[in-house]
Amino acid sequence: MEILLPPPGDFAGYIFDCDGTLAASMHLHYRAWKQALADHGAKVDFTWELFISHAGRGTEQFVGLLNDHHGETLHPARVAQAQEAVLAQIHHTVAPIPEVVAFARDLHARGKKIAVASGGTRETVSRTLEFIKVRHLFDVMVTIDDVAHGKPAPDTFLEAARQLGVKPRDCVVLGDSVLDIEGAKAAGMAWVKLDPQ
């Protein structure tokens, strides 16, 4: 995969998605989802394509979507907790995405304002950043726990910009999912789409 960084233009704020952008973690989340869904009797054919098409959503939000669109009757909180519990067991195997992490380190070294904005929970995102040894780079971290509406709503990115003290139009979002790009557009921000890892 070729990652074209830095993005063209001079930005006051750089907002990174976490999973699939900074961390090569999507396969771990997928494994955790498959097990949690199987353990709770889900009947949906949970393919990689289905998973990726909704990457970036909060866990309970995702279970609700499976109920609404795939005929499931799953308990959102219980399945979300099960997914996070499975992930916690394998999370230590997560790896950084070298090109993106190197770019974040360079921005940090140059004193640029950078944030993480994720659809994951604060606990899970913090753990991911610790495992890939970049937590210290980000003064601002916004998760699904901090906003009323997760991606593709713009709330996560707008809150990150607010905490950075930067106008949305002066920010760029780096993300791997369609929801990242939709959220960035809704927030009035520039964006860079990376391949999910």
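Helix H7 spans residues 155–164. In this predicted model, its buried residues are Thr 156, Phe 157, Glu 159, Ala 160, Ala 161 and Leu 164. These buried residues pack against four strands and a helix, namely E1, E4, E5, E6 and H8. Gly 165 follows H7, and its phi is positive, near 75°.

The packing partners of H7 that have residue ranges are tabulated here.

| Partner of H7 | Residues |
|---|---|
| Strand E4 | 113–117 |
| Strand E5 | 140–142 |
| Strand E6 | 171–175 |
| Helix H8 | 178–186 |

Next, a loop residue. Thr 21 sits in the loop between strand E1 (13–16) and strand E2 (23–24). Is Thr 21 buried or exposed? Its relative accessible area is 0%, under the 20% cut-off, so Thr 21 is buried. The side chain of Thr 21 makes a polar contact of 3.1 Å with the side chain of Asp 176. Beyond its neighbours within four places in sequence, Thr 21 touches Ile 97, Val 100, Leu 174, Gly 175, Asp 176 and Leu 194.

Now the helix pair H3 and H4. H3 covers residues 59–70 and H4 covers residues 76–90. Their axes come within 8 Å and cross at roughly 125°. That angle lies outside the 65 to 115 range for roughly perpendicular and is not over 145, so H3 and H4 are oblique to each other. The crossing of H3 past H4 is right-handed. On the H3 side, Thr 59, Glu 60, Val 63 and Asn 67 make the contact. They meet Pro 76, Ala 77, Val 79, Ala 80, Gln 83 and Glu 84 of H4. By class, this contact holds 5 nonpolar, 3 polar and 2 charged residues.

Terms used: Residues numbered from 1 in each chain as written. Predicted model: local features only at pLDDT ≥ 70, side-chain atom pairs only at ≥ 80, totals over all residues. Heavy atoms only, no water. Axes fitted to C-alpha atoms, helices over the stretch in contact; angles between N-to-C directions. Helix = DSSP H or I, 4+ residues; strand = E, 2+ residues; numbered from the N terminus. Parallel < 35°, antiparallel > 145°, perpendicular 65-115°, else oblique. Left-handed = near helix turned anticlockwise from the far one by under 90°. Contact = heavy atoms within 4.5 Å. Nonpolar A, V, L, I, M, F, W, Y, C, P; charged D, E, K, R; others polar. Buried < 20%, exposed > 50% of the residue type's maximum accessible area, 1.4 Å probe, protein only. Polar contact = N/O pair within 3.5 Å; in protein donor to acceptor, adjacent residues only side chain to side chain.
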